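Open the model in your viewer and keep the sequence panel visible. The tour goes from stop to stop, with a selection to make at each one.

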Number of protein chains: 2
Amino acid sequence: MPGKLVLETFGDSWSLLIIRDIVYFGKKTFGEFSESEEGIASNILANRLARLQQKGILVKKAHHSDKRKVVYSLTEKGLDLIPILLELAGWGARHDPQTSAPKGWIDMVNADEQKVTRLVRETVQNGGSVFVGPDNVFSWLSQAQIEGK
Amino acid sequence: MPGKLVLETFGDSWSLLIIRDIVYFGKKTFGEFSESEEGIASNILANRLARLQQKGILVKKAHHSDKRKVVYSLTEKGLDLIPILLELAGWGARHDPQTSAPKGWIDMVNADEQKVTRLVRETVQNGGSVFVGPDNVFSWLSQAQIEGK
């Protein structure tokens with residue numbers, strides 16, 4: 001069963017929110033995380049970022065062009081949470097439809113969960129996300145649907 | 001993406017612990033939940049049980065033989081969290097092996113996740129669990145392996 005450490009990592013809504021913001025919206029900096037509509041306080045955000053690094057889920061690096069800037073990204077261990085995030089979104093869509101992701105996205109995941117999971121993982125690993133950025137998974141898959149790929 | 005409500009439901013380690021105890025250990029009563037090794041305080045347990053009912057994940061009923069006793073069980077919405085719990089256990093086993101489920105169990109889930117998920121769901125729905133009780137999933141699957149089914 002999920003042990004205590006797993007419950008502590010995953011069973012914290014602010015930690016989940018940070019991971020969600022990276023995967024779905026491509027957020028990377030302290031400032032971006034703090035702008036989430038859920039309104040996370042700065043001290044809690046700093047605490048959770050430190051905890052997620054300590055648990056090996058996030059790493060902190062200097063921004064590739066602006067070295068004064070710090071960016072956070074998911075480790076392999078963090079990327080391995082992606083299938084669970086996608087399942088959670090599906091559960092939310094089934095049971096709390098008013099708060100969930102765009103229906104088009106849920107349909108894409110349901111149509112081929114393994115393929116979409118792989119695609120999201122690769123995209124996030126390369127700095128992209130599900131909904132935001134030039135190579136976002138949602139518009140890529142929408143385009144592929146239109147072109148009948 | 002998982003919306004705010006989903007994060008609140010799932011992103012709480014005590015709520016996750018209650019759901020875990022039902023699915024893996026067949027716990028059903030306030031007393032049983034309060035005995036978990038994680039040491040949940042009575043007021044927090046009462047609060048989370050109320051919240052999980054309010055969110056439609058748990059229902060409270062009178063015990064079938066002893067009507068003075070109250071038992072909690074998962075609704076359909078709660079049972080739909082089982083695949084996510086199994087994935088979390090798998091993630092824990094890969095990344096925090098010292099705290100996780102018995103290796104034999106993780107192997108069973110990996111061998112046929114869909115089948116095991118279905119079996120766990122049916123068992124829990126009928127009042128059983130993964131590790132505890134006369135028809136627990138773990139011993140059933142172990143027996144099936146020995147008999148080469």
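How many other C-beta atoms lie within 10 Å of A:Arg51, and is A:Arg51 buried or exposed? Select A:Arg51 to find out; bear in mind that this is a predicted model. A:Arg51 has 17 other C-beta atoms within 10 Å. A residue counts as buried at 20 or more and as exposed at 12 or fewer, so A:Arg51, with 17, is partly exposed.

Now widen the selection to residues 42-54 of chain A, which form helix H4, where A:Arg51 is found. Then add A:Leu74, which is 23 residues from A:Arg51 along the chain. The C-alpha atoms of A:Arg51 and A:Leu74 are separated by 13 Å.

**The two domains of chain A**

Colour residues 1-78 of chain A as domain 1 and residues 81-149 as domain 2, following the domain assignment. The centres of these two domains, taken over C-alpha atoms, are 20 Å apart. Across the boundary, 9 residues of domain 1 of chain A are in contact with 11 residues of domain 2 of chain A. Select helix H2 of chain A, residues 13-25: with 6 residues, this helix gives the most to the side of domain 1 that touches domain 2. By class, that side of domain 1 of chain A has 6 nonpolar, 2 polar and 1 charged residues.

**Helix H4 of chain B**

Move to chain B and select residues 42-54, helix H4. The helix has 13 residues, which at 1.5 Å a residue should span 18 Å; its end C-alpha atoms are 18 Å apart, so the two values agree. After H4(B) comes B:Gly56, with a positive phi near 75 degrees.

**Helix H8 of chain B**

Next, select residues 113-125 of chain B, helix H8. For its 13 residues the expected span at 1.5 Å a residue is 18 Å, in agreement with the 18 Å between its end C-alpha atoms. Show the side chains of B:Val116, B:Val120, B:Thr123 and B:Val124, which are buried. Look down the axis of H8(B): the buried residues fall within an arc of 95 degrees, so they line one face of the helix.

What do these buried residues pack against? Among the elements of chain B to select are helix H2 (13-25), strand E2 (70-74), helix H6 (82-95) and helix H9 (137-146). Turn the view to the face of H8(B) directed away from its buried side, where the exposed residues B:Gln114 and B:Lys115 sit. The last stop is B:Gly127, which follows H8(B) and has a positive phi, near 95 degrees.

Note on methods. Residues numbered from 1 in each chain as written. Chains lettered and ligands numbered in written order. Predicted model: local features only at pLDDT ≥ 70, side-chain atom pairs only at ≥ 80, totals over all residues. Helix = DSSP H or I, 4+ residues; strand = E, 2+ residues; numbered from the N terminus. Expected span 1.5 Å × (residues − 1). Arc of directions from axis to C-beta. Contact = placed C-beta atoms within 7 Å. Domains from an automatic or database assignment. Nonpolar A, V, L, I, M, F, W, Y, C, P; charged D, E, K, R; others polar.
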